[in-house]
Amino acid sequence: MLWVKALHIVFMVTWFAGLFYLPRLFVYHALAEDTVSRERFKVMERKLFWGIMTPGGVLTLVFGLSLWAGWGFAGGWLYTKFALAMLLVGYHVWCAILMFDFRAERNRKSHVWFRWFNEFPVLVLFAAVFLVVFKPY
């Protein structure tokens with residue numbers, strides 16, 4: 001069962017890499033002024049989202065649920081972790097919406113907004129790690 005835990009962690013790291021980097025690409029995309037750069041960012045965003053982030057997120061959830069089913073974890077900390085995971089799923093979907101807006105040339109948000117948007121997964125990561133390490137309840 002430790003291999004399930006290891007895969008959960010590996011795919012969580014993969015997912016977070018995308019959750020950290022895609023909004024950073026949005027910052028640069030919002031700053032881009034020429035067509036060539038904007039088109040390049042569209043390709044980079046699409047490949048990151050569909051090739052790394054989404055598979056990482058799906059497999060994180062699959063292996064996390066496998067851990068829960070196989071080891072029978074219980075407690076309030078686990079429900080809080082589930083809630084944090086659902087927040088990340090919502091953030092992931094929001095990233096998709098923003099990516100589609102960029103693709104359709106509909107983005108109206110500034111690079112500063114994206115810089116702040118980029119900080120959310122850091123807060124969730126801290127909360128999840130401390131929750132798992134200390135299991136306060």
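What volume does the largest pocket have? The views below are of a predicted model, in which local features need pLDDT of at least 70, side-chain atom pairs count only at pLDDT 80 or more, and totals for chains, interfaces and linings use all residues. Residues are numbered from 1 along each chain as its sequence is written, and side-chain values use heavy atoms, with hydrogens and water left out.

**View 1. The largest pocket and its lining.** The volume of the largest pocket, taken as the space filled by probe spheres set on grid points joined across faces, edges and corners, is about 680 Å³. Of the 28 residues lining this pocket, His8, Gly64, Leu67, Lys81 and Val132 are the closest to its centre. A pocket here is an open set of points on a 1 Å grid over the protein atoms alone, where a 1.4 Å probe fits, with protein on both sides within 12 Å along at least five of seven lines, and lining residues have an atom within 4 Å of a point. Helix α3 gives the most to the lining, with eight residues.

**View 2. Helix α3, residues 76–103.** Helices are DSSP runs of H or I with at least four residues, numbered from the N terminus. The buried residues of α3 (under 20% relative accessible area, 1.4 Å probe, protein chains only) include Trp77, Leu88 and Phe102. These buried residues pack against α1, α2, α4 and α5, where contact means heavy atoms within 4.5 Å.

**View 3. Glu105 in the loop between α3 and α4.** Although Glu105 is not a glycine, its phi is positive, at about 60 degrees.

Key:
Helices (H or I, at least four residues) and strands (E, at least two) are DSSP runs, numbered from the N terminus. The expected span of a helix is 1.5 Å times one less than its number of residues. Buried means under 20% relative accessible area, exposed over 50%, partly exposed in between (1.4 Å probe, protein chains only).
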